[in-house]
Amino acid sequence: SELDQSRIVTAASSQLFGPVIGRIVGCMVAVSILGCLSAAILTGPRIHYAMAKDKLFPSLAGDVHPLFSTPGKAIWIQAVWSSVLVLTGTFNQLLDYVTVPSVFFASVAAVGLFFVRHRDQKDEQAIVYRTLGYPVVPLLFILGMGWIVVNTAIKYPKDSLWGLFIVGLGVPIYFIWNAWARYESTSAKISKK
């Protein structure tokens, strides 16, 4: 069952090292998940906030809570969207939705390291991005991430495509929103004259 699959680390640890270690490993996994969740809750709304300030997201996401100085409405927007996703998919589906796009973009960021290092070699004043074991370590990272993307896409093509589709929706929305922001800006300048 799906629940059994999500507890595979705990089950494997229990079989290998006994039930006490299995429970400890399970607690460590739970703490790790909470840490990731905390990071997502802290960073996601701030991205929405910055996008709203750049007029690329609804302006209400750019509001700051008067007492806590946090992007309160952006946090609510993310909470509602997350709830919709949780209520419309299983744990494994959501994981597959996220895995392919997020791992793909992580590998693209690593590829960017090669471009930045190559570009900065020509500029003596540029800050060189140092990487342990360069170029072997980033290359191994890219290959590993590529394997995860391909493997997940082959095993779960439908969910992987849905994840890419959801992320891909951002491209036309960006251009539409950007065009609308420019239109509003131009209209405001004309009305002031």
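Let us start at Pro135, which sits in the loop between α5 and α6. Helices here are DSSP runs of H or I with at least four residues, while strands are runs of E with at least two, and both are numbered from the N terminus. The peptide bond leading from Tyr134 to Pro135 is cis, with omega near 5°. That is worth a pause, because most peptide bonds are trans.

Before going on, a word about what you are looking at. This is a predicted model, in which local features need pLDDT of at least 70 and side-chain atom pairs count only at pLDDT 80 or more, whereas totals for chains, interfaces and linings use all residues. Residues are numbered from 1 along each chain as its sequence is written, and side-chain values use heavy atoms, leaving out hydrogens and water. The pLDDT is the predictor's confidence in each residue, on a scale from 0 to 100. For this protein the average is 85, and 95% of the residues score at least 70. Helix α1 (residues 2-6) has the lowest mean pLDDT of the elements, 48, and α6 has the highest, 92.

Now step back to see the whole chain. The protein has eight helices and zero strands, so what does its overall shape look like? Its radius of gyration is 22 Å, well over the 16 Å that the globule rule gives for 193 residues, so the protein is more spread out than a compact globule. This radius is taken over C-alpha atoms, and the rule is 2.2 Å times the number of residues to the power 0.38. Along the principal axes, the C-alpha atoms fill a box of roughly 75 × 50 × 40 Å. Of the 193 residues, 20% count as buried. Buried means under 20% relative accessible area, exposed means over 50%, and partly exposed is in between, using a 1.4 Å probe and protein chains only.

Let us return to Tyr134 and look at its ring. The whole structure holds five aromatic pairs. To pair, rings of Phe, Tyr and Trp (its six-membered ring) need centres within 6.5 Å; planes under 30 degrees apart count as stacked, over 60 as edge-to-face and the rest as tilted. In one of the pairs, the ring centres of Phe114 and Tyr134 are 5.3 Å apart and the planes stand at 35°, so this pair is tilted. Phe114 belongs to helix α5 (residues 91-121) and Tyr134 to the loop between α5 and α6 (136-155), so the pair ties together parts that are 20 residues apart in sequence. Phe114 is partly exposed, at 24% relative accessible area, and Tyr134 is partly exposed too, at 27%. Tyr134 has another partner: Arg117 lies over the face of its ring, at 3.8 Å from the ring centre. A charge sits over a ring if NZ of Lys or CZ of Arg is within 6 Å of the ring centre and within 35 degrees of the ring normal.

Another aromatic pair is made by Trp162 and Phe165. Their ring centres are 5.5 Å apart with planes at 85°, so the pair is edge-to-face. Both residues lie in helix α7 (residues 157-168), three residues apart, which is about one turn of the helix. Trp162 is partly exposed at 41%, and Phe165 is partly exposed at 46%.

Trp162 also leads us back to helix α5, where Gln93 is found. The C-alpha atoms of Gln93 and Trp162 are separated by 9.3 Å, although the two are 69 residues apart along the chain. Setting aside residues up to four places away in sequence, Gln93 touches Thr88 and Asp159, where a contact means heavy atoms within 4.5 Å. In helix α6 you can find Leu143, which is exposed at 55% relative accessibility. Its C-alpha atom is 8.3 Å from that of Ser107, 36 residues away along the chain.

Finally, visit the loop between α3 (19-53) and α4 (72-88), which holds Lys55. Phi of Lys55 is near 60°, a positive value in a residue other than glycine. Ser69 lies in the loop between α3 and α4 as well, and its phi is also positive, at about 55°. Most residues other than glycine have a negative phi.
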